[in-house]
Structure formats: structure tokens, C-alpha cells
Amino acid sequence: MKNNDRYYMQLALKEAQKAFNKDEVPIGAIITKEDQVIAKAHNLRESLQDPTAHAEVLVIRKASEVINSWRLIDCSLYVTIEPCSMCAGTLVQSRIDNLIYGATDPKGGAAGTIFNIVNDRRLNHQLNVKSGILEEQCSQIMKNFFKQLR
């Protein structure tokens, strides 16, 4: 991994802000390959009325289209919040190499907090994981969103 983690997480935060502006849970994600952004996405569950329209799933779909392969080898996913079990499973299935996330998810995190799907040796693929990148900003946008709902 390059030392551009903070830069790429800032891009993911911009995607999270787009979700926030649409009254979606503000989670943003990007995928890089060879130190270039190849896909961006944010949560769209409410807009699409699709329970699978998480930022991670959407960005994986876009990246797969860009490289014309479901195998995201030599790619890194940056996401503002630790992936849930569905997204973690999708990451394993996509064969993505690196997961970099901002803040943990104490209620649903599946990259080490509650579950560790991305590094379960019983599965056929494991990811390199790095967490805590711009953690405070990633956490704060979520807090602001849910505070606004109340």
C-alpha cells in the first residue's frame, strides 16, 4: 500500500457527504488500482430501496465494470466505516487485496470488531486490513447524521 491512505480516505469522505446530502447513512467508498482511483460510491439503500446498495457493494460493482473482471486483484478499497458482514463477504468474494477503513462499527463491524470475515482462514481469501485512517472525521459524519435524525 502506498502512503496515500489519508488522501484516499478524504475522497471516501466526500462520497460519504454525498450520501449525507441525500439523507442516506453517510458511508463512502473508493477503489484504487495501481495508485489510481478506478471507482467511487456511497450508500444508496434509501434512494434505490435496495438492501444491498451499500457503498462497498456499489463501488465493487463499478470497479469490476472498469477492469472487466470480478476479481479485483491488486486493488484497495477505502471506506469510511468498517464493513458489515454482507460487505465483508463481498470483499472476500471479489478477491480485493486491501481494505482500509476509517472508524469501527461496534454494532455491525465484520472486519475485526464483531466478526472477522475478511481474515477468516476458513475462507479462500483474506485481506490486508488497515483501520483508523481519519477515524475522527469518519466517525463524526455518522454522529452528525444520526443527531440530525433525532
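How many bridges join strand E3 (residues 75-81) to E4, and do the two run parallel or antiparallel? The points below address this and related features of the structure, which is a predicted model.

1. Five bridges join strand E3 to strand E4, and the two strands run parallel. One of the pairings places Ile81 opposite Ala103 of E4 as its bridge partner.

2. Strand E4 also pairs with strand E5 (residues 128-131): four bridges join them, again in a parallel arrangement. Here Asn98 has Asn128 of E5 as its bridge partner.

3. Strand E4 comprises residues 98-103, and six of its six residues are buried; the strand is therefore largely enclosed by the rest of the structure.

4. Helix H4 (residues 85-94) takes part in a right-handed β-α-β unit, together with E3 and E4.

5. The UniProt record, an unreviewed entry, assigns the feature "binding site" to His54, Cys84 and Cys87. These residues are spread over 34 residues of sequence, yet they cluster in space, with a largest C-alpha distance of 9.3 Å. Of these residues, His54 and Cys84 are included in the lining of the largest pocket.

6. Cys84 is located in the loop between E3 and H4. When neighbours within four places in sequence are left aside, Cys84 is in contact with His54, Gly108 and Ala110.

7. Cys87, by contrast, lies in helix H4. Its relative accessibility is 1%, and because buried means under 20%, Cys87 counts as buried. Not counting residues up to four places away in sequence, Cys87 touches His54, Glu56 and Val57. His54 is thus a contact of Cys84 and of Cys87.

Note on methods
Residues are numbered from 1 along each chain as its sequence is written. This is a predicted model: local features need pLDDT of at least 70, side-chain atom pairs count only at pLDDT 80 or more; totals for chains, interfaces and linings use all residues. Side-chain values use heavy atoms; hydrogens and water are left out. Buried means under 20% relative accessible area, exposed over 50%, partly exposed in between (1.4 Å probe, protein chains only). Two strands pair if DSSP finds at least two bridges between them. A crossover is right-handed if, with the strands pointing away from the viewer, the path from the first strand over the helix to the second runs clockwise. UniProt positions are given in the numbering used here, feature names are shortened, and annotations may be inferred rather than shown by experiment. On a 1 Å grid over the protein atoms alone, a cavity is a set of points where a 1.4 Å probe fits but cannot get out, and a pocket is an open set with protein on both sides within 12 Å along at least five of seven lines; lining residues have an atom within 4 Å of a point. Contact means heavy atoms within 4.5 Å.
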